[in-house]
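Please open the model in your viewer and keep the sequence panel beside it, as the tour below moves from one selection to the next.

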Amino acid sequence: MNNGLALERPDPVWEADELAVHWPRAAGERRVDSAAETTPLTVLAAVPSAPLLEVRDLVITYENQNTGELTEAVSHVSLNIQAGEFVTIVGLSGCGKSSFLNAVAGLVKPASGTMKVAGKRIDGPGPDRSVVFQKATLLPWRTVMDNIIYGLELRGVPKPIARERAESCIDLVRLRGFEHFHPHALSGGMQQRVNLARALVTEPQLLLLDEPFAALDAITRETMQNELLSIWNVTRKTVLMVTHQIDEAVLLSDRVIVFSDRPARIGTEFKINLPRPRTQEARYSPAFDYLAKEVFGVIHSSASKREEPEYVI
Ligand SMILES: Nc1ncnc2c1ncn2[C@@H]1O[C@H](COP(=O)(O)OP(=O)(O)O)[C@@H](O)[C@H]1O
Ligand SMILES: [Mg+2]
């Protein structure tokens, strides 16, 4: 199916039905074999192409306006994401995940380091990136359709053309029939669908998601995870997501990166070689269980080093 949003992804160079996978270990990194020796795994061999997102040595500090005190939120983080990859960052609350994502979005200016999308330096928001936050910030006086095309209109796309371009997105997020509704008449999940469509309609190269389903109830969250899985299947968008839900990270991602406690550094990185296309069924595989427990273990160990007794992720 081609809805005009699809990105080309290189074909797997080779595949294996049953494989034990071993990943190289970076200095100080724990060894993680997703080890499901008996579980079918598909491995995409590394394709030697330039990464879509390149972050080098990123440092983010905030200055307290009253005291002038500096807080380091992100410390020397380097991260590459290949085109078509779905990468998720998890970590303790307040460790610097949103700061990192906002910097990539161009909404937070880093103290130092470089960021590039498709080789182009990031120095502010740009049409190559779209962000979806936890809260769907829709314009209440605009219909679903007019909310979706708002970004295109701001870029000077004439309304009839913008509406035409939105058609495939409306189908993609399954809002057909609701185009003329106003946000107040939509459930939280439907509002977040509009938000997703609004992010996709501009055809960004990189989709940035910050806890996109955190405000939704458990069942709606599962539904939205399914939607995101099928949207990714169709579009093969490059995604960088932040979530505090470990199971969500494992279910959706090709790679899960655990940030250390603040200031955020890259901690352990997990390759999620569960077969695609995925559905919620993937949760019941031993490999899923294994990976989720491993990720939880890494986060738990950084939580135990925190001074506050509270354990929040
Ligand atoms: N705009 C800001 N001004 C000052 N400090 C901030 C700002 N945004 C975040 N911080 C601080 O930076 C740290 C990391 O925050 P954040 O990136 O939001 O963490 P996370 O998304 O992992 O919960 C926290 O200590 C937070 O208080
Ligand atoms: Mg956050």
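Which element gives the most to the shell around ligand 1? In this predicted model, helix α1 does, with three residues.

**Stop one: the ligand.** Begin by selecting ligand 1 together with the residues around it, which are Y62, T71, A73, G91, S93, G94, C95, G96, K97, S98, S99 and R262. The elements that give two or more residues to this shell are strand β2, residues 70-81, and helix α1, residues 97-105. If you colour the shell by class, you should find three nonpolar, seven polar and two charged residues.

**Stop two: the whole chain.** Now show the protein chain as a cartoon, in which the secondary structure comes to eight helices and 10 strands. Of its 313 residues, 39% count as buried, and among the contacts between residues at least 6 apart in sequence, 73% join residues at least 24 apart.

**Stop three: the nonpolar core.** The largest nonpolar core has 82 residues, and a useful selection is the set with the most contacts inside it, namely V104, A197, L240, V250 and V295. Helix α8, residues 286-304, gives the most to this core, with seven residues. Colour domain 1 (41-128 + 206-313) and domain 2 (132-203) separately: both give residues to the core, so it lies between them. Then centre the view on V250, which, leaving aside its neighbours within four places in sequence, is in contact with V256, I272, F288, L291, A292 and V295.

**Stop four: strand β7.** Select L208, which is found in strand β7. Is L208 buried or exposed? L208 is buried, because 24 other C-beta atoms lie within 10 Å, where 20 or more are required. Beyond its neighbours within four places in sequence, L208 is in contact with L101, V104, A105, R129, S130, V131 and L240. For the pair L208 and L240, a C-alpha to C-alpha distance in your viewer should read 5.0 Å, although the two residues are 32 residues apart in sequence.

**Stop five: the loop after β7.** Finally, move to A214, which is found in the loop between β7 (206-210) and α6 (218-235). A214 is partly exposed, because it has 15 other C-beta atoms within 10 Å, a count that falls between the limits of 12 or fewer for exposed and 20 or more for buried. Add Q245 to the selection: A214 and Q245 are 31 residues apart in sequence and 8.3 Å apart in space, C-alpha to C-alpha.

Conventions: Residues numbered from 1 in each chain as written. Chains lettered and ligands numbered in written order. Predicted model: local features only at pLDDT ≥ 70, side-chain atom pairs only at ≥ 80, totals over all residues. Near = placed C-beta within 6 Å. Helix = DSSP H or I, 4+ residues; strand = E, 2+ residues; numbered from the N terminus. Nonpolar A, V, L, I, M, F, W, Y, C, P; charged D, E, K, R; others polar. Contact = placed C-beta atoms within 7 Å. Core = buried A, V, L, I, M, F, W, Y, C linked by C-beta atoms within 7 Å. Domains from an automatic or database assignment.
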